[in-house]
Amino acid sequence: MSIKLENINCTYMPKTPFEKAALYDINIEIEKGEFVGIIGHTGSGKSTLLQHFNGLIMPDKKSTGKVYIDGELLTKKNVRDLRKKVGYVFQYPEYQLFEETVYKDIAFGLKKLKLSEQEEYEAIHNAAEIVGISDDLLERSVYDLSGGQKRRVAIAGVIVMNPDYLILDEPAAGLDPAGKDEILTFAKRLRDERGTAVVLVSHSMEDIAQISDRVIVMNEGRIVMDGKPSYVFAQKKELNDIGLSVPEITSLFCRLNEQYPWISKEVYTVQDAVNVMKKLLSGGAVK
């Protein structure tokens, strides 16, 4: 089971003076159960790429190529059915909240599924629990919530549909560190407990290094790197050349390695750093 993009090219406002190419010959496959981080500077094509995953942008006059969801070619005829498999969370999703209560907002997408009252209740409470919304908040007005709580309610309204793939476009933007950590934690939990594939776009190299199994780097509408975090963040010069950085902890250990070659520079998360320091203190090998 996977989402597969073949030979995707996308141009905004084609055949006009404002024509702008956004994607060039994209070939990519996201398998169920993966946690994929996508990085790239503003305008590199990240959001345009994401919108192909569930047919928000269809291969047509401005976009060419093919999109397959679980082996089925995405077309205008089946886009509504296949889109149910792919949950999409835009930046600042809390702006889309509109119902009277948290419960009703999470339940909105379920109305067309004709579930029993008990099935709906269980689905809503399960989604709320995963994103950290307590039962006492479900009957509150969404307008009485904090920014982080609103963000979680909006995301619960997507995952309540139990998608096989979850697309998160800068889900932690504008949140404080605690709110950001909560969002990343539930995203990982969703993958671990349900096997949901998660695709996360973020400008935080630390977040991507910490949580992703695979990192895709985009530049000027092209995929320029694709691999494990340890592979991608080892390419410090190449990332710097396209305006990206490596995690700060990686930069620190690269500088240490220059002075003390026996200290490993292959450090991408704080936990990696802790492991290296433990080995140093115990007199063990650190590379």
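**Close-up 1. E100 pairs with K104 in a salt bridge.** This is a predicted model, and here the closest N and O atoms of E100 and K104 sit 3.2 Å apart. How exposed are the two partners, E100 and K104? E100 has 58% relative accessibility, so it counts as exposed. K104 comes in at 39%, so that one is partly exposed. As a general point, side chains of opposite charge can pair when their charged atoms come close. Across the whole model, the salt-bridge count comes to 14.

**Close-up 2. K237 and D241 form a salt bridge within helix α9.** Helix α9 covers residues 236-241, and both K237 and D241 lie in it. They are 4 residues apart, which is about one turn of the helix. For this pair, the closest N and O atoms are 3.0 Å from each other. Buried or exposed? Both K237 and D241 are exposed.

**Close-up 3. K188, R191, D192 and D213 are joined into one network by salt bridges that share partners.** Zoom in on one of the links, and you find D192 bridged to R191, with the closest N and O atoms 2.8 Å apart. What about the surroundings of D192 and R191? D192 is partly exposed, because its relative accessible area is 45%. R191 has 13% relative accessibility, and therefore counts as buried; the cut-off for buried is under 20%.

**Close-up 4. F98, F108 and Y143 make a nonpolar surface patch.** How much area does this patch made by F98, F108 and Y143 take up? The figure is about 360 Å². One of the contributors, F98, is found in the loop between β6 (86-89) and α3 (102-107). With 46% relative accessibility, F98 counts as partly exposed.

**Close-up 5. T250 is a buried residue in helix α10.** The helix in question, α10, spans residues 248-259. Why does T250 count as buried? Because its relative accessibility is just 2%, and buried means under 20%. Which residues does T250 touch, not counting those up to four places away in sequence? With those set aside, T250 touches F233, K265, V267 and Y268.

Terms used. Residues are numbered from 1 along each chain as its sequence is written. This is a predicted model: local features need pLDDT of at least 70, side-chain atom pairs count only at pLDDT 80 or more; totals for chains, interfaces and linings use all residues. Side-chain values use heavy atoms; hydrogens and water are left out. Patches are made of residues with over 30% relative accessible area and no salt bridge: like charges are joined within 9 Å, nonpolar side chains (Val, Leu, Ile, Met, Phe, Trp, Tyr) within 5 Å. Accessible areas come from the Shrake-Rupley method with a 1.4 Å probe; for residues, only the protein chains shown count as cover. A salt bridge is a side-chain nitrogen of Lys or Arg within 4 Å of a carboxyl oxygen of Asp or Glu. Helices (H or I, at least four residues) and strands (E, at least two) are DSSP runs, numbered from the N terminus. Buried means under 20% relative accessible area, exposed over 50%, partly exposed in between (1.4 Å probe, protein chains only). Contact means heavy atoms within 4.5 Å.
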